[in-house]
Amino acid sequence: MRTRVLRLLRRPWTAALAAVALVVSVLVAMPASGAAAAACRVDYTVDAWAGGYTARVRVTNLGPAVNDWRLTWTYTGDQQVTSAWNAAVTQTGASVVAVNADWNGALSTGGTAEFGVQGTWRSADPAPDDFALNGSSCGGDGGTPPTTTPPTSTPPPSTPPPTTPPATTPPPSAECGDAVICSGFEDQAGPEPSGDWRFTAPDCQGTGTVAVDSAVSHAGGRSLRVDGRAGYCNHAFVAHAADLSSVGPVLYVRMWVRHTTALPTSHVTFVSMPDSAQGGRALRVGGQNGALQWNRESDDATLPAQSPAGVALSRPLPKDGWQCLRFAVDTSAGHLDTWLGDEQVPGLHADGVPTQDVDQQWLAHGSAPRPTSLRLGWESYATGDDTLWFDDVAVGSAPIGC
């Protein structure tokens with residue numbers, strides 16, 4: 001039996017630029033007794049907006065164990081895959097082929113693999129329903145026609161499904177390995193940052209403060225606390241002594257961060273990385289319009305664009321709890337990727353191909369960034385006090401997980 005479930009999500013964006021997020025789950029299961037057995041089950045979950053979508057695909061092997069897998073399907077709309085993670089995905093016409101990565105090819109009976117795709121559409125984006133694993137149909141030869149559950153009048157929550165890391169790397173370990181920076185602040189003996197971490201106010205200093213906190217931590221017994229204050233030129237950071245200028249070609253950063261106040265409408269920064277591609281000016285991670293954003297100090301370009309549609313493709317930084325924030329900076333191609341926990345944030349992704357409401361401004365003038373050091377703290381350009389804690393910070397040339 002095949003079951004297809006459709007749910008319609010509407011996001012409260014502006015009246016001038018409304019968008020609709022469509023979450024579609026397609027489950028293809030084993031048919032009833034007496035029919036041919038299905039080769040697999042596929043859960044296909046879509047987050048769609050006007051002109052674009054991401055899809056999370058989970059395939060469960062219902063047949064004999066395999067060492068490599070190849071999942072195929074056909075789009076009946078005009079979807080076009082533009083990128084993928086955790087699998088190599090190609091499209092010819094309406095036909096799509098996804099092949100396992102080096103690390104996730106083995107599937108035992110009942111074993112699962114997950115990957116994701118991102119793409120575009122213009123007129124229609126119905127979910128596919130003809131999945132096949134290694135040439136064998138996931139629907140089998142029998143079973144009843146698929147049934148459709150229509151949207152309800154009450155929309156479900158608008159939080160989209162999580163996505164997963166890019167296909168170029170396996171699921172990263174939380175261990176630091178040979179990372180250049182690997183700090184849980186456990187080596188800090190007093191209340192003032194010391195050793196490899198030193199207080200700095202890059203441009204000018206105000207009333208913001210930084211201290212080692214032994215009462216709040218993600219793991220161990222210490223963290224770094226920043227009491228950030230509003231107002232331009234009120235900078236309070238700690239800088240690590242490590243030289244990051246040779247880390248790469250992709251520089252990976254992982255940190256756990258906790259804060260008390262929602263990101264404000266105005267621009268704020270809590271990660272600042274001096275960038276030799278900008279003559280030492282900073283590549284910055286912070287927030288604006290209540291959501292996470294990248295900012296380039298040299299021209300004030302943002303990722304995503306600060307339109308309602310662009311902001312909706314980013315995410316807030318949840319408050320009053322520890323959050324794992326990860327990002328990757330490709331210093332050769334200039335690409336950026338950002339994850340909040342295990343969710344890859346669509347609006348904080350730049351792959352060199354201009355995307356409406358995301359990175360046109362970002363790509364207009366910037367060259368590939370080359371961060372040279374890491375600073376953690378708080379910088380507000382208008383309103384916005386916040387208290388933040390940082391812990392378990394790592395920077396290296398290999399992916400570092402949560």
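A salt bridge is counted here wherever a side-chain nitrogen of Lys or Arg lies within 4 Å of a carboxyl oxygen of Asp or Glu, and by this rule the structure holds seven salt bridges. The model is a predicted one, in which local features need a pLDDT of at least 70 and side-chain atom pairs count only at pLDDT 80 or more, while totals for chains, interfaces and linings use all residues. Residues are numbered from 1 along each chain as its sequence is written, and side-chain values use heavy atoms, with hydrogens and water left out.

Among these salt bridges, the side chain of Arg315 meets that of Glu343 with an N to O distance of 2.6 Å. The two residues come from distant parts of the chain, 28 residues apart, with Arg315 in the loop between helix H1 (308-312) and strand E23 (323-330) and Glu343 in strand E25 (residues 343-344); helices (H or I, at least four residues) and strands (E, at least two) are DSSP runs, numbered from the N terminus. Arg315 is buried, at a relative accessible area of 9%, and Glu343 is buried as well, at 12%, where buried means under 20% relative accessible area, exposed means over 50%, and partly exposed is in between (1.4 Å probe, protein chains only).

Two further salt bridges each join a buried residue to a partly exposed one. In the salt bridge between Asp227 and Arg225, with 3.1 Å from N to O, Asp227 counts as buried at 13% relative accessibility, whereas Arg225 counts as partly exposed at 29%. In the salt bridge between Arg296 and Asp299, whose closest N and O atoms are 2.9 Å apart, Arg296 is buried at 6% and Asp299 is partly exposed at 30%. Salt bridges also link Arg56, Arg58 and Glu114 in a network.

Arg58 leads on to a strand pair, since this residue in E4 stands opposite Asp43. Strand E3 (residues 40-49) has nine of its 10 residues buried, so the rest of the structure largely encloses it. E3 and strand E4 (residues 52-61) pair in the antiparallel sense over 10 bridges, pairing being assigned if DSSP finds at least two bridges between two strands. Together E3 and E4 form a hairpin with two residues between them, and Gly51 in the turn has a positive phi of about 90°. In a regular strand the side chains alternate between the two faces of the sheet.

Strand E3 also takes part in covalent cross-linking. A disulfide is taken to be a pair of cysteine sulfur atoms within 2.5 Å, and a search of the whole structure finds three of them. One disulfide joins Cys40 to Cys138, with an S to S distance of 1.6 Å. Cys40 lies in strand E3 and Cys138 in the loop between strand E11 (136-137) and strand E12 (147-149), so the pair ties together parts that are 98 residues apart in sequence. Both Cys40 and Cys138 are buried.

Another disulfide joins Cys324 to Cys402, with an S to S distance of 2.0 Å. This pair also links distant parts of the chain, 78 residues apart, with Cys324 in strand E23 and Cys402 in the segment after strand E27 (386-396). The torsion about its S-S bond is about -90°, so the disulfide is left-handed. Cys324 is buried at 3%, while Cys402 is partly exposed at 36%. The disulfide between Cys176 and Cys182 has an S to S distance of 2.1 Å, and the torsion about its S-S bond is about 80°, so this disulfide is right-handed.

The discussion now turns to the interior. In soluble globular proteins, nonpolar side chains tend to be buried together. A nonpolar core is here a set of buried Ala, Val, Leu, Ile, Met, Phe, Trp, Tyr and Cys residues joined through side-chain atoms within 4.5 Å. The largest such core has 46 residues, of which Phe270, Trp294, Leu374 and Phe390 touch the most other members. A second, separate core of 28 residues includes Cys40, Val42, Val66 and Leu107.

Contact means heavy atoms within 4.5 Å, and, leaving aside residues up to four places away in sequence, Leu374 touches residues including Ile181, Trp197, Val238, Val271, Met273, Val393 and Val395. Thr269, in strand E19 (residues 268-274), is buried with a relative accessible area of 0%. With the same sequence neighbours left out, Thr269 touches residues including Phe237, Arg284, Val285, Trp378 and Tyr381.
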